[in-house]
Amino acid sequence: MASTSSLALSQALLARAISHHGSDQRGSLPAFSGLKSTGSRASASSRRRIAQSMNKNRSLRPLVRAAAVETVEPTTDSSIVDKSVNSIRFLAIDAVEKAKSGHPGLPMGCAPMAHILYDEVMRYNPKNPYWFNRDRFVLSAGHGCMLLYALLHLAGYDSVQEEDLKQFRQWGSKTPGHPENFETPGIEVTTGPLGQGIANAVGLALAEKHLAARFNKPDAEVVDHYTYAILGDGCQMEGISNEACSLAGHWGLGKLIAFYDDNHISIDGDTEIAFTENVDQRFEALGWHVIWVKNGNTGYDEIRAAIKEAKAVTDKPTLIKVTTTIGYGSPNKANSYSVHGAALGEKEVEATRNNLGWPYEPFQVPDDVKSHWSRHTPEGATLESDWSAKFAAYEKKYPEEAAELKSIITGELPAGWEKALPTYTPESPGDATRNLSQQCLNALAKVVPGFLGGSADLASSNMTLLKAFGDFQKATPEERNLRFGVREHGMGAISNGIALHSPGLIPYCATFFVFTDYMRGAMRISALSEAGVIYVMTHDSIGLGEDGPTHQPIEHIASFRAMPNTLMFRPADGNETAGAYKIAVTKRKTPSILALSRQKLPQLPGTSIEGVEKGGYTISDDSSGNKPDVILIGTGSELEIAAQAAEVLRKEGKTVRVVSFVCWELFDEQSDEYKESVLPSDVSARVSIEAASTFGWGKIVGGKGKSIGINSFGASAPAPLLYKEFGITVEAVVDAAKSFF
């Protein structure tokens, strides 16, 4: 029989967890099934005795069932479930122990809910992780990634073999220290920064609801999948989760089911030191359906019933709060912060093996567990095959809709889509690039099926409304204007989820450029996770004028130029704006940022869509032999200033090349020969001008060049006066150029 002390420990831990959130009189408390740890290394024979004892005493485990929650029959033999759950736990324990680094506590506590999800509930094909109609899973609490790696391994994903588990957190492995979608097929989104994952899950669920509303027919349902997520106390504390979950409730994302790992332990200790709000009531206020599973440690039927209930609620997302014990099974570290982010240690690993009755060697999965999970390979293939047949029938009956959906699924853009982008001549009327951007957005929405997006309550100022479409709302999910409200961080992360749902979904999101500060975390994850979100950032400089320094971005351009896998565009006119969009649409694994002006700008001679593709290019030059007297370099609204300064210098007999440096990153990708043709190494007389920080411009102008910019905060005044006072003028460029002669 299980030892009295082991039973008492488990009872005490769960009782404490329940009392932390309120009393409960409706069920008995669970116990660990297993023996008390001896603290010594078990021999093979002792492990066999442990297994025999464990099998004899499975009936000792009572269950707790929440009132008003319909229970369901387990779908498999309970002994296999127990062994499967413990397989997940020990794969995580062993990998963290071998790496001497990681977070074993969450996998040990979340193994039951995760097992039921991946083994009994979710639809997926292990041999094709990218099958379109699969259910999506997001581990928002990404530090517990060994939970997910163990699940993928058991389910038969080729990306996580036993050797990969043994290489956890090592150089070049497919099992890095947090889940990364670009490294490990089967991982939907990159998680780690807490709260980002649940926000990504909102984006994934939004994508499903949108596509289902657009393409499903009464006689053909080709879009039908769920988004599941596990989030922890840390995710709940981060503000981004509230932003995103508020929108999920507003939008009524009924196929989003989130499991809250309610273990009340964070890195610094018990969450009571900083987090005592009633999460249930908060989520109910956000428009979610809330269920509480009081026994997440062994209450398999409770978990099954909660999922069944969640699926029955179709008009709102569901939060299933699952009270668990972090580090479940560890006699000395369970329910403590010490099991959150560090290996158990050799002695505690053996104690945990004894306590849970686990007689197997490290990384060993019992044969009956392997056999049980092996069915997911043929079942997954059948699921995909059946869906493919359904889609083929759909394609015959609804060819136009099928072509659009196929474009979204594959990412293959319609032929000639780029021809829809507007073009301009110097005779075209000048306009703010934010207005020119709106022309591009609306042109693209007509020809690119997966193009959708919106603004953080600034659509009328960012100029981002798609005029041919209505608003995506709970009752109109087929529409393509997304109203994010004042939620920049949530907006960025939701957009990442949309982009990572399907290759042909191309989301854009918008706010004032200075407010990228509020969503920089999401933008960094866009770059890291290869999510091709288009960031439409207006009010790009001091040119916005009277709103003053709080709204005037200074250091932002430089900071994004420093961010890997990010395209930072600052177009000068209509052709450059269209060129930026052409690149942004095609770059599905790289986010693009467009910094756009509030003030009107002229359509400049020499600019072109093709030039933007090079990142930096010459718009005017009266020199010969690739040896101008001086090269003037500008971006955005300051390219006009550079062009005007060139005319002044030319009248004084100097040969001048004017270069638009609309996107540094694209220029860096060009050949050395091309770079030399634009910025010849023999010409050190170079002047840059940009109404922003000069940080980084030394790379372009060289050691002898000069950079005109702003290295302080802005001020509140009309834009023309600000440009004069800060020295962003034709005169300043001319004077800088003359210093070389």
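## Strands β15 and β16

Ile 633 of this predicted model has Val 659 as its bridge partner in strand β16. That pair belongs to a wider match: strand β15, residues 630-634, and strand β16, residues 656-660, run parallel and are joined by five bridges.

Where do the side chains of β15 point? Val 630, Leu 632 and Gly 634 point one way, while Ile 631 and Ile 633 point the other way. This pattern fits a general rule, that side chains in a regular strand alternate between the two faces of the sheet. Here both sets are buried, and β15 is mostly covered, with five of its five residues buried.

## Strands β6 and β7

A second parallel pairing is found earlier in the chain, where five bridges join β6 to strand β7, residues 318-323. Within this pairing, Val 293 has Val 322 of β7 as its bridge partner. Strand β6 spans residues 289-293 and is mostly covered too, with four of its five residues buried.

## An enclosed helix

Helix α12 covers residues 346-356, and because nine of its 11 residues are buried, the helix is largely enclosed by the rest of the structure. Which residues of α12 are the buried ones? They are Glu 348, Val 349, Glu 350, Ala 351, Thr 352, Arg 353, Asn 354, Asn 355 and Leu 356. If you follow the chain onward from α12, you come to Gly 357, which has a positive phi near 65°.

## Two loop residues with positive phi

As background, most residues other than glycine have a negative phi. Asp 457 is not a glycine, yet its phi is positive at about 65°. You will find Asp 457 in the loop between β8 (451-455) and α17 (459-462). Is Asp 457 buried or exposed? Its relative accessibility is 56%, and the cut-off for exposed is over 50%, so Asp 457 counts as exposed.

His 539 is another residue other than glycine with a positive phi, in this case near 55°. The loop that holds His 539 runs between β11 and α20 (556-561). His 539 has a relative accessible area of 3%, and because buried means under 20%, His 539 is buried.

## Two buried loop positions

Gly 102 sits in the loop between α3 (78-99) and α4 (105-121). Although it is a loop residue, Gly 102 counts as buried because its relative accessibility is 2%. What does Gly 102 contact beyond its neighbours within four places in sequence? The list is Val 96, Phe 168, Arg 169, His 340, Gly 341, Ala 342 and Ala 343. Gly 102 can also be compared in position with His 178, which is 76 residues apart from it along the chain; their C-alpha atoms are separated by 9.3 Å.

Val 533 has its place in the loop between α19 (520-528) and β11 (534-538). Its relative accessible area is 0%, so Val 533 is buried. Setting aside residues up to four places away in sequence, Val 533 touches Ser 495, Asn 496, Ala 499, Pro 507, Cys 509, Ser 526, Pro 591 and Ser 592. For one of these partners, Pro 591, the C-alpha atom is separated from that of Val 533 by 4.8 Å, with the two positions 58 residues apart in chain numbering.

## The largest pocket

Rolling a probe the size of a water molecule over the atoms shows where empty space is left. How much space lies in the largest pocket? The value is about 510 Å³. This pocket is lined by 23 residues, and those closest to its centre are Tyr 130, Asn 181, Ala 499, Leu 500 and Pro 503. Ala 499 has come up already, as a contact of Val 533.

Helix α18, residues 488-501, gives the most to the lining, with three residues. Sorted by class, the lining has 11 nonpolar, six polar and six charged residues.

## The chain as a whole

Stepping back, the chain holds 28 helices and 18 strands. Of its 741 residues, 63% are buried. Among contacts with a separation of 6 or more, 79% are between residues 24 or more positions apart. The exposed area of the chain is about 26,600 Å², and carbon and sulfur atoms supply 51% of that area.

Methods: Residues numbered from 1 in each chain as written. Predicted model: local features only at pLDDT ≥ 70, side-chain atom pairs only at ≥ 80, totals over all residues. Heavy atoms only, no water. 1 Å grid on protein atoms, 1.4 Å probe; cavity = no way out; pocket = protein on both sides within 12 Å on 5 of 7 lines; lining within 4 Å. Points joined across faces, edges and corners; volume = space filled by probe spheres on them. Nonpolar A, V, L, I, M, F, W, Y, C, P; charged D, E, K, R; others polar. Buried < 20%, exposed > 50% of the residue type's maximum accessible area, 1.4 Å probe, protein only. Contact = heavy atoms within 4.5 Å. Areas by Shrake-Rupley, 256 points an atom, 1.4 Å probe, with all protein chains shown as cover. Pairing = 2+ DSSP bridges.
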